[in-house]
Amino acid sequence: MPSPSPPPAPPVLPISEHEDEIVAAVDANPVVVVIGETGSGKSTQLSQILHRRGYTRRGAIAVTQPRRVAAVSVSRRVAQELGVPLGDEVGYAIRFEDRTSERTCIKYLTDGVLLRESLSNPELKQYSVIILDEAHERSLNTDILLGLMKRLITERASDLKVLITSATLDGLKVSKFFSGCPVLNIPGTLFPVEKFYSTERPTNYIESSLRTAIDIHAKEPPGDVLIFMTGKDDIDKMVSKLEERIQNLEEGSCMDALVLPLHGSLPPELQVRVFAPAPPNCRRFIVATNVAETSLTVDRVVFVIDCGYVKQRQYNPSSGMYSLDVVQISRVQADQRAGRAGRTRPGKCYRLYPMSVYEKEFLEATVPEIQRSSLAGSVLYLKSLNLPDINILKFDFLDPPSRESLEDALRQLYLIDAIDENGQITEVGRIMAELPLEPSLSRTLIEANELGCLSQALSVAAILSAEITLRSTRSKDVGGKRKKQELPDGSGWGDHIQLLQIFESWDQSGYDPKWCSDHDLQVRGMKLSKDVRNQLCQIIQKIAKGPTDVHARKSRKNDPDYRKLRRALCVGYGNQLAERMLHHNGYHTVGYRAQLVQVHPSSVLEGDEYGKFPMYVVYHELISTTRPYMRNICAVDQAWVEPILKKLQKLDVNQISGGSSEPKDSEPQDKHVNVPKKAVDVQQ
Ligand code: CDP
């Protein structure tokens, strides 16, 4: 086994200076809230302090992170500080990747993984301490864990300690939620940060950030620059343009420069580059998403450029539609971003918006994810816990989601048989909850097992979960570049079938990386889909009743039209069904509220010889960009749709919410859903 690199000198971070105070509070209380500036050592030091003080004698310490990238990077850092190989005493677990062992006593894990662990072990007995880190991010899973911890500490009063840590969270609100638990405020060591505002919003924030970055490089003393962008595409653009402009600067006019991207989908070996010091006489430009706001602390930053925007996924429960919008950040986020400039010495923050926008237009804090997400998966999870006296509409949330979105989740779960007409979880629902997949895919796998096409469904679920980007069929090859080989085309049945064909072709190539590059597919993503598939196989073999056929591949010979798989998809996506208009290729969704939607231009689905698309399709998701689109769609037969339509007609939202949700006067009396009896061409 390779020996770990020598531990760096132990950092003297604000948290470490308050060790005794923290331990005294934890000794005396079941729940403690710790508020401290980003970079004060909450993520890396608290677990080590409690380990040193004997808390790992009775169980391990779990530290949850809302982001996968943080779980991996912080555990790596802590293993390094303790001088142990990662995966031994210190490890991490994220969905589809577990780097822990029997010896692991400090475990970093995503909040979603901890929720999943609590399904098989509701009391989480393996842990003596649970630290909910980064609680200010208010991720959906952390919010649910907050509610669960409230229950758990009464059950395990004598042997469980819960810490909730945050950079910006309203400590008093959390303390009140936990019956007045103590709040420790760890004073930070932030240096002053001078803020500069633009006189108006730039029309192009990438261009404006570029100009500011070059200005800093030309005029300001040494010090790294952190530039906040909204997502990977912006970052890629910014990195290449910035490199180009720096190269065009007059030689010798500025110090050297290194431009580094930082975002969640960056391979780990590239992520770690931002933590390494810059070479001498070199200024680093780190171009990051909001992951650098609080999750990952990049040291030595002196200048911050804040475009004032963030990319946010937003779910609308009344249309079932997701939109990925670039929205204004909140004041809390703006302050966090500015704070990144003052960690090592006084810094400067360039806000590319006027002060009046900051003061009057920005929200005080970011809307918690629980209030802007589809809750079907979370509600199924809560139902499967079998907690006594639990009514989903009354679960103790720090900030409750809207009733509309809880009811939307219940409707969805009913349509895919996860709950019955009285809102009780079904046998199918229990199996679904054990699969680390969104409800539609877990339901598809169960149905596929019944129909004898599990192997195919596993490949589809794996490749969808790995979020592979397909480029060949969607973007034309640029002249001069080697022409890539065409991907399979879904044989006229749509994107899920194409994904299956891709996986099967890759399988036939013997998982050859060259096959991926020949088809313009990322090797890393394809490898991940293979790992995901293997793990799903293991899980489903453990939980499924009856035989499971996970190995047979290339089963098309027996089912040339993929009827079994498409039927399983129809059941799994029973709540994501659309019917074509009579006279054109527009669709409307079938369900609680009909919504006009279109096939996403990236789809491989094609019309018949008259150009007509299939009458019914299921879709993986609805997204609203320039207009409402269905993404990843599959043609299904009318006969398979009939039972779903019948279920829709019977659906009584009062009954599935446990009979306790009397509609308020102001709300729509949506006792029965509106199911079109036959296709209506609304656009005529
Ligand atoms: O959690 P909090 O924001 O309070 O701080 P932290 O993440 O524990 O970071 C404390 C120190 O460890 C900072 O100086 C980070 O730069 C450093 N760190 C690191 O070098 N590598 C990581 N993967 C995580 C933290």
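In this predicted model, D27 sits in helix α2, which covers residues 19-28. D27 counts as exposed because it has just 11 C-beta neighbours inside 10 Å, and the cut-off for that class is 12 or fewer. The C-alpha of D27 is also 49 Å from that of S198, with the two positions 171 residues apart along the chain.

Zooming out to the whole protein, there are 23 helices and 21 strands. The chain has 684 residues, and 47% of them count as buried. Taking contacts between residues at least 6 apart in sequence, 74% join residues at least 24 apart.

Next comes the ligand. The shell around the ligand holds 17 residues, and those that come nearest are K42, S43, T44, S73 and R77. Two elements give two or more residues to this shell, namely α3 (42-52) and α4 (68-82). Of the elements, α3 gives the most, with 4 residues. Sorted by class, the shell comes out as 10 polar, 4 nonpolar and 3 charged residues.

Helix α4 is worth a look in its own right. From first C-alpha to last, its 15 residues reach 21 Å, close to the 21 Å expected at 1.5 Å a residue. Most of α4 is covered, with 11 of the 15 residues buried. The buried set is V69, A70, A71, V72, S73, V74, S75, R76, R77, V78 and A79. S73 and R77 therefore turn up twice, as buried residues of α4 and among those that come nearest to the ligand. An α-helix has 3.6 residues a turn, so residues three or four places apart point the same way. The cover over the buried part of α4 comes from several places, including α3, β2 (60-65), β3 (90-94), β5 (106-110) and α10 (268-271). Right after α4 comes G83, with a positive phi near 70 degrees.

Strand β7 (residues 161-166) is also mostly covered, and 6 of its 6 residues are buried. Neither face is left open: K161, L163 and T165 are buried on one side, and V162, I164 and S166 are buried on the other. Two parallel partners can be picked out for β7. Strand β1 (residues 31-36) joins it through 5 bridges, with I35 and S166 as bridge partners. Strand β6 (residues 127-132) runs parallel to β7 too, over 4 bridges, and here L132 stands opposite I164.

Further along the chain, the UniProt record (an unreviewed entry) places a "domain: Helicase C-terminal" feature at residues 209-386. Over that stretch, the chain is 32% helix and 26% strand, and the C-alpha atoms at its ends are 51 Å apart.

Strand β16 (residues 347-351) is likewise mostly covered, with 5 of its 5 residues buried. G347, C349 and R351 point one way from the strand while K348 and Y350 point the other way, and all are buried. On the pairing side, β9 (residues 193-197) runs parallel to β16 and is joined to it by 5 bridges; within that pair, Y197 has R351 as its bridge partner. Strand β13 (residues 301-306) also pairs with β16 in the parallel sense, this time over 4 bridges, and I305 is matched with Y350.

Two residues other than glycine have a positive phi and deserve a mention. One is R300, with phi near 65 degrees, in the loop between β12 (282-288) and β13. R300 counts as partly exposed because it has 15 C-beta neighbours inside 10 Å. The other is N632, with phi near 60 degrees, and N632 lies in a strand, β21 (residues 628-636). With 22 C-beta neighbours inside 10 Å, N632 counts as buried, since the cut-off for that class is 20 or more.

Methods: Residues are numbered from 1 along each chain as its sequence is written. This is a predicted model: local features need pLDDT of at least 70, side-chain atom pairs count only at pLDDT 80 or more; totals for chains, interfaces and linings use all residues. A residue is near a molecule or strand if its C-beta atom, placed from the backbone, lies within 6 Å of it. Ala, Val, Leu, Ile, Met, Phe, Trp, Tyr, Cys and Pro count as nonpolar, Asp, Glu, Lys and Arg as charged, and the others, Gly among them, as polar. UniProt positions are given in the numbering used here, feature names are shortened, and annotations may be inferred rather than shown by experiment. The expected span of a helix is 1.5 Å times one less than its number of residues. Two residues are in contact if their C-beta atoms, placed from the backbone, lie within 7 Å. Two strands pair if DSSP finds at least two bridges between them.
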